[in-house]
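Student: I should like to test the vocabulary used to describe this model against the criteria behind each term. May we take the terms one by one?

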Amino acid sequence: MRGIPQEVYVSAGVAATANMVVDRFLFLKFGGFSENSFSSGDFEFCRRLRVRGYKVLFLKSAFVHHRVRCSWQSVATKARRIKGGQFFLSQGAGRIKLILYTLLPPVRSVVFFWRKREIYIGYRLLASFVQIRLWGVEIREMARLMLGAKPERH
């Protein structure tokens with residue numbers, strides 16, 4: 001229901017790995033994804049391409065089939081990995097903003113789901129419940145990272 005908002009990402013000059021196609025030559029020429037990155041390596045790679053004059057394009061007619069995460073554990077692990085990557089990459093005022101944003105309840109996401117009247121109410125309820133549970137996962141992960149723990153890499 002949520003999916004990857006690739007068109008929004010591309011409008012900002014980046015692309016999510018799950019929906020990104022890049023020429024192998026360019027990928028290798030510009031160093032691929034950083035092995036030091038915990039998350040957001042795809043965005044960082046796109047930044048390196050843009051700096052060298054390449055454009056990130058969105059092809060509306062392209063269809064990508066990407067397996068969904070089927071268990072709560074896999075969804076929670078992904079949320080922790082993303083939060084760890086954000087924490088690892090942020091510093092100073094950016095980190096404070098990230099911490100404060102993490103503490104805010106996911107009201108925008110829940111409202112977004114409830115406005116999608118064409119989607120069965122049970123799915124909207126489930127999506128809202130997942131967002132609220134993920135909020136707790138993200139708060140716990142943020143606290144763990146602030147206490148000096150290392151971000152997850154899987």
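Tutor: Let us start with Lys78, which is found in helix α4 (residues 72–89). The model is a predicted one, in which local features need pLDDT of at least 70 and side-chain atom pairs count only at pLDDT 80 or more, while totals for chains, interfaces and linings use all residues. Residues are numbered from 1 along each chain as its sequence is written, and side-chain values use heavy atoms, with hydrogens and water left out.

Student: What makes a stretch such as α4 a helix, and how many helices and strands does the protein have?

Tutor: Helices are DSSP runs of H or I with at least four residues, strands are runs of E with at least two, and both are numbered from the N terminus. On that basis the secondary structure comes to seven helices and zero strands. The order of elements from the N terminus is therefore α-α-α-α-α-α-α.

Student: Why is Lys78 called partly exposed?

Tutor: Its relative accessible area is 28%. Buried means under 20%, exposed means over 50%, and partly exposed lies in between, with a 1.4 Å probe and protein chains only. The value of 28% falls between the two limits, so Lys78 is partly exposed. Its C-alpha atom is 10.0 Å from that of Leu134, although 56 residues separate Lys78 and Leu134 along the chain.

Student: How do you know to which class Ala12 belongs?

Tutor: Ala12 lies in the loop between α1 and α2 (24–29). Its relative accessibility is 56%, which is over the upper limit, so Ala12 counts as exposed.

Student: Is Glu141 buried or exposed, and why?

Tutor: The relative accessible area of Glu141 is 2%, so this residue of the protein is buried. Glu141 has its place in helix α7 (residues 121–146). Not counting residues up to four places away in sequence, Glu141 touches Arg80, Lys83 and Glu152, where contact means heavy atoms within 4.5 Å. In the protein as a whole, 30% of the 154 residues count as buried.

Student: What makes Asp42 a buried residue?

Tutor: At 13%, the relative accessible area of Asp42 is under the lower limit, so Asp42 is buried. Asp42 belongs to helix α3 (residues 41–51). It touches Ala15, Ala16, Thr17, Met20 and Phe33, residues up to four places away in sequence again being left out.

Student: How are two packed helices described, and what are the values for α5 and α7?

Tutor: The description uses the angle between the axes and the distance between the axes. Helix α5 (residues 93–103) and α7 pack at about 145°, with axes 9 Å apart. Axes are lines fitted to C-alpha atoms, for helices over the stretch in contact, and angles run from 0 to 180 degrees between N-to-C directions.

Student: What is the handedness of the crossing of α5 and α7?

Tutor: That crossing is left-handed. The term applies when the near helix is turned anticlockwise from the far one by less than a right angle, and right-handed applies if clockwise.

Student: Which residues meet there, and how do they divide by class?

Tutor: From α5 come Leu98, Ile99, Thr102 and Leu103, and from α7 come Trp135, Glu138, Ile139, Met142 and Met146. They divide into seven nonpolar, one polar and one charged. Ala, Val, Leu, Ile, Met, Phe, Trp, Tyr, Cys and Pro count as nonpolar, Asp, Glu, Lys and Arg as charged, and the others, Gly among them, as polar. Thr102 is therefore the polar residue and Glu138 the charged one.

Student: Which residues lie nearest the centre of the second largest pocket, and how is its lining divided by class?

Tutor: Of the 19 lining residues, Asn19, Met20, Val21, Val56 and Leu57 lie nearest the centre. The elements that give two or more residues to this lining are α1 (6–11) and α3. By class, the lining has 15 nonpolar, two polar and two charged residues. A pocket is an open set of points on a 1 Å grid over the protein atoms alone, with protein on both sides within 12 Å along at least five of seven lines, whereas a cavity is a set where a 1.4 Å probe fits but cannot get out; lining residues have an atom within 4 Å of a point.
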